[in-house]
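Work through the exercises below with the sequence and the structure at hand. Each task is followed by its solution in steps.

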Amino acid sequence: RGLGDVYKRQFPYSRYKIDWCDIVTEGGWGSEKEFNNMKLATPVSEGYLFSKDKNTVKIFAGYDIDDDGTITFSERSVFPTSCVLKMTKLH
């Protein structure tokens, strides 16, 4: 077996693009028209899907696989599922 076989066996996560909505806060003064024109932010995040349930979607961008197969994760994000607009599997 090559290293690629070990990698596939030990790394069961797929990469996703997450379109989501977030609050926008403005601390200054604004007119009624400016207030009415405020919209939610619609950021996009990419990462490996760690888990998804009715409450949360968890992704990570970096990882390390130890010799014993233990995976550690970095650049972790947790989104309320209600804020996720769309999930697209990248590969």
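**Exercise 1.** Decide whether Phe60 is buried or exposed.

Solution. Buried means under 20% relative accessible area, exposed over 50%, and partly exposed in between (1.4 Å probe, protein chains only). Phe60 has 1% relative accessibility, so Phe60 counts as buried. The model is predicted: local features need pLDDT of at least 70, side-chain atom pairs count only at pLDDT 80 or more, and totals for chains, interfaces and linings use all residues. Residues are numbered from 1 along each chain as its sequence is written, and side-chain values use heavy atoms, with hydrogens and water left out.

**Exercise 2.** Describe the aromatic pair of Tyr13 and Phe60.

Solution. Rings of Phe, Tyr and Trp (its six-membered ring) pair if their centres lie within 6.5 Å; planes under 30 degrees apart count as stacked, over 60 as edge-to-face and the rest as tilted. For Tyr13 and Phe60 the centres are 5.2 Å apart and the planes make 90 degrees, an edge-to-face pair. Next, place the partners: Tyr13 is in the loop between helix H1 (3-10) and E1, and Phe60 is in strand E3, so the pair ties together parts 47 residues apart in sequence. Helices (H or I, at least four residues) and strands (E, at least two) are DSSP runs, numbered from the N terminus.

**Exercise 3.** Do the same for Phe50 and Phe73.

Solution. The centres are 5.2 Å apart and the planes stand at 75 degrees, so this pair is edge-to-face. Phe50 belongs to strand E2 and Phe73 to strand E4 (residues 71-80), so parts 23 residues apart in sequence are tied together. Phe50, at 39% relative accessibility, counts as partly exposed, and Phe73 is partly exposed at 26%.
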